[in-house]
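Student: I would like to go through this protein model step by step. Could we do it as questions and answers?

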Amino acid sequence: MTTAQAGTGRTVTTNIPARLDRLPWSRWHWTIVLGLGTVWILDGLEVTVVGNIASRLSEPDSGLPITSGQVTGMAAALYVAGACIGALFWGRLTDKWGRKKLFMITLAVYLGATALTAISFDTWWFFLFRFLTGFGIGGEYAAINSAIDELIPKEYRGRTDLMINGSFWLGAVGGSLLSIVALDTDIFAANVGWRLTFALGAVLALVILLVRRHVPESPRWLLIHGRDDEAERIVSSIERKIEEERDEPLPRPEGEITIHQRRSVSFLEIGRTVFSDYRRRAILGFSLFIGQAFLYNAITFGFGAILTTFFDVPSGNTGYYFAVIALGNFFGPLLLGKLFDTVGRRIMISGTYLLSGLLLFGTAWLFDQGSLSATTMTACWCAVLFFASAGASSAYLTVSEVFPMETRAMSIAFFYAIGTAAGGISGPLLFADLTSTGKVADTALAFQIGATLMCLAGLAAAILAVKAERRSLEDIAKPLTAAEDKATA
């Protein structure tokens with residue numbers, strides 16, 4: 001690494017990004033996955049449990065004066081609002097203060113809010129800490145996806161990002177099964193079981209927080225913010241560990257980049273970069289997030305009502321069906337993730353979006369014809385969501401790797417907030433009216449709307465998706481601080 005003085009700060013030429021990208025997969029990388037990725041399991045657990053225990057919370061002996069409608073309505077809306085606001089608030093600080101500081105703070109916020117939800121004694125208390133739980137989770141999306149992309153080698157970035165974001169559904173499986181146990185009054189009293197589910201979330205968050213202490217700050221972020229000595233120490237330590245594990249020297253890194261170090265980047269520069277310099281990529285991110293948000297709401301928002309209304313499934317058994325659907329969601333990114341690094345981003349992103357949209361059109365037609373049972377409807381949903389989940393996870397991957405380093409967390413936060421707001425606000429308003437009428441045609445229309453937006457997003461990806469597979473982040477989008485003529489990735 002070489003350093004020269006510049007008028008506005010130090011100019012550094014370094015091969016640290018290339019050194020990180022040429023690393024083989026190792027135990028150290030699994031530590032990163034476990035430390036950063038497992039929080040999505042908590043998010044899936046949290047969201048699913050709340051939806052499934054709404055009926056229990058509304059009972060007189062639950063210990064909380066709240067209605068089922070308030071749990072699935074106001075409390076859910078506040079959670080979504082908290083996630084959107086939290087993403088934007090923490091996203092800016094993640095780019096300014098660093099990845100590690102923020103993924104520790106946001107998890108601590110989530111932990112505290114979840115623990116306090118468990119001891120809710122009044123409706124306003126429950127609402128407040130649902131908002132703060134979402135506030136912490138929203139920040140996690142920006143901080144975690146930034147850190148993962150900057151620490152994972154380019155050969156494995158796609159599959160790792162998809163697997164981690166898809167683990168949300170592993171938590172959803174756990175949440176479905178946990179709620180069945182928590183609602184069993186033969187095991188727990190009516191005013192105890194639901195509290196234990198939130199307490200368990202807090203305990204798991206504490207375990208993850210302890211693991212995260214060993215996850216380093218992103219060396220890429222350190223380089224840009226004038227802490228290149230610290231970045232060098234971290235990367236050298238990683239290299240020593242991997243060489244000891246493999247008992248052989250690492251290959252030589254190829255490529256250097258010269259950057260003018262800066263402490264911060266203004267909102268104006270971030271906005272101009274994302275929405276002017278990278279306008280096509282911004283349109284792509286917007287399309288992917290809106291498409292997946294509406295597809296998921298078309299299916300999941302009223303899935304319980306659809307099963308009970310049209311297939312006479314007892315309300316107490318819908319959790320089993322949801323667990324099956326959640327498994328389909330989890331296996332999609334897990335099994336298809338490698339193809340995003342080998343076949344390529346454009347084909348896989350557009351393909352998963354288009355396939356899931358077309359399969360949902362087919363499901364809508366079969367449902368409208370009266371050709372489905374509860375079991376076959378669930379099987380159709382599993383097929384749709386197997387591809388949709390991989391596509392939805394690739395939306396997070398896309399916005400985290402196609403914009404410059406200095407704007408990464410804020411870009412993730414912005415597009416996440418758009419998708420979450422669309423899915424959590426306008427989506428339920430639209431689909432609640434359609435799925436609650438009890439008319440087959442209305443529910444089929446809900447499916448068709450979600451399928452249409454997913455197909456449109458797939459077409460946008462076919463035209464606009466970036467060839468990012470096996471490429472350095474600095475090659476995909478040159479840092480704003482990079483010297484014009486010396487950046488080589």
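Tutor: The model is a predicted one, and the questions below deal with its core, rings, charges, surface and backbone.

Student: Which residues touch the most other members of the largest nonpolar core?

Tutor: Nonpolar side chains tend to be buried together in soluble globular proteins. The largest nonpolar core here has 119 residues, and helix 18 supplies the largest share of this core, 14 residues. The members that touch the most others are Leu295, Phe311 and Trp381.

Student: What is tryptophan 381 in contact with, leaving aside neighbours within four places in sequence?

Tutor: Contact requires heavy atoms within 4.5 Å. With neighbours within four places in sequence left aside, the partners of tryptophan 381 are Ile299, Phe303, Ile306, Leu307, Ile325 and Phe447.

Student: How many residues are in the second, separate core?

Tutor: Leu45, Val50, Ala118 and Phe198 are among the members of this second core. It is separate, and its residue count is 14.

Student: How are the rings of phenylalanine 121 and tryptophan 125 arranged: stacked, edge-to-face or tilted?

Tutor: A ring pair is described by the distance of the centres and the angle of the planes. There are 30 aromatic pairs by this rule, and in the one made by phenylalanine 121 and tryptophan 125 the distance is 4.9 Å centre to centre, with 50° between the planes. Planes under 30 degrees apart would be stacked and over 60 edge-to-face. The pair is therefore tilted.

Student: Is tryptophan 125 buried or exposed?

Tutor: Its partner phenylalanine 121 has 47% relative accessibility and counts as partly exposed. Tryptophan 125 has 16%, and the limit for a buried residue is under 20%. Tryptophan 125 is therefore buried.

Student: How many residues apart in sequence are the parts tied together by tyrosine 396 and tyrosine 416?

Tutor: The ring centres of tyrosine 396 and tyrosine 416 are 6.3 Å apart and the planes are at 45°, so this pair is tilted. Tyrosine 396 belongs to helix 18 (residues 374-401) and tyrosine 416 to helix 19 (residues 408-435). Both tyrosine 396 and tyrosine 416 are buried. In sequence, the parts that the pair ties together are 20 residues apart.

Student: Which residues form one aromatic cluster with Tyr396 and Tyr416?

Tutor: The cluster takes in Tyr396 and Tyr416. The other members are Trp40, Tyr141 and Phe289.

Student: Where does aspartate 228 find arginine 10, and how many residues apart are they?

Tutor: Side chains of opposite charge can pair when their charged atoms come close. The structure holds 18 salt bridges, and one of them joins aspartate 228 and arginine 10 at 2.6 Å, N to O. Aspartate 228 is buried at 3% relative accessible area, while arginine 10 is partly exposed at 26%. Aspartate 228 is in helix 12 and arginine 10 is in strand 2 (residues 9-14), so far as sequence goes a separation of 218 residues.

Student: Which helices does the pair of arginine 159 and aspartate 341 tie together?

Tutor: The side chains of arginine 159 and aspartate 341 meet in a salt bridge of 2.9 Å, N to O. The parts they tie together are 182 residues apart in sequence. Arginine 159 is partly exposed at 22% relative accessible area, whereas aspartate 341 is buried at 0%. The elements are helix 8 (residues 157-166) and helix 16 (residues 318-342).

Student: Which residues are linked with Arg159 and Asp341 in a network of salt bridges?

Tutor: Arg159 and Asp341 belong to a network of salt bridges. Its other members are Arg157, Arg345 and Glu401.

Student: Which helix gives the most to the nonpolar patch on the surface?

Tutor: Leu34, Leu200, Val203, Leu204, Val207 and Val211 form this patch, with about 460 Å² of accessible area together. Valine 207 is partly exposed, with a relative accessible area of 46%. Five residues of the patch come from the helix that gives the most, helix 10 (residues 193-212).

Student: What is the phi of aspartate 247?

Tutor: Most residues other than glycine have a negative phi. Aspartate 247 sits in the loop between helix 12 and strand 3, and it is exposed at 71% relative accessibility. Although aspartate 247 is not a glycine, its phi is positive, about 55°.

Technical notes. Residues numbered from 1 in each chain as written. Predicted model: local features only at pLDDT ≥ 70, side-chain atom pairs only at ≥ 80, totals over all residues. Heavy atoms only, no water. Patch = residues over 30% accessible without salt bridge, like charges linked within 9 Å, V, L, I, M, F, W, Y side chains within 5 Å. Areas by Shrake-Rupley, 256 points an atom, 1.4 Å probe, with all protein chains shown as cover. Salt bridge = Lys/Arg side-chain N within 4 Å of Asp/Glu carboxyl O. Helix = DSSP H or I, 4+ residues; strand = E, 2+ residues; numbered from the N terminus. Buried < 20%, exposed > 50% of the residue type's maximum accessible area, 1.4 Å probe, protein only. Phe/Tyr/Trp six-rings, centres within 6.5 Å; stacked < 30°, edge-to-face > 60°. Core = buried A, V, L, I, M, F, W, Y, C linked by side-chain atoms within 4.5 Å.
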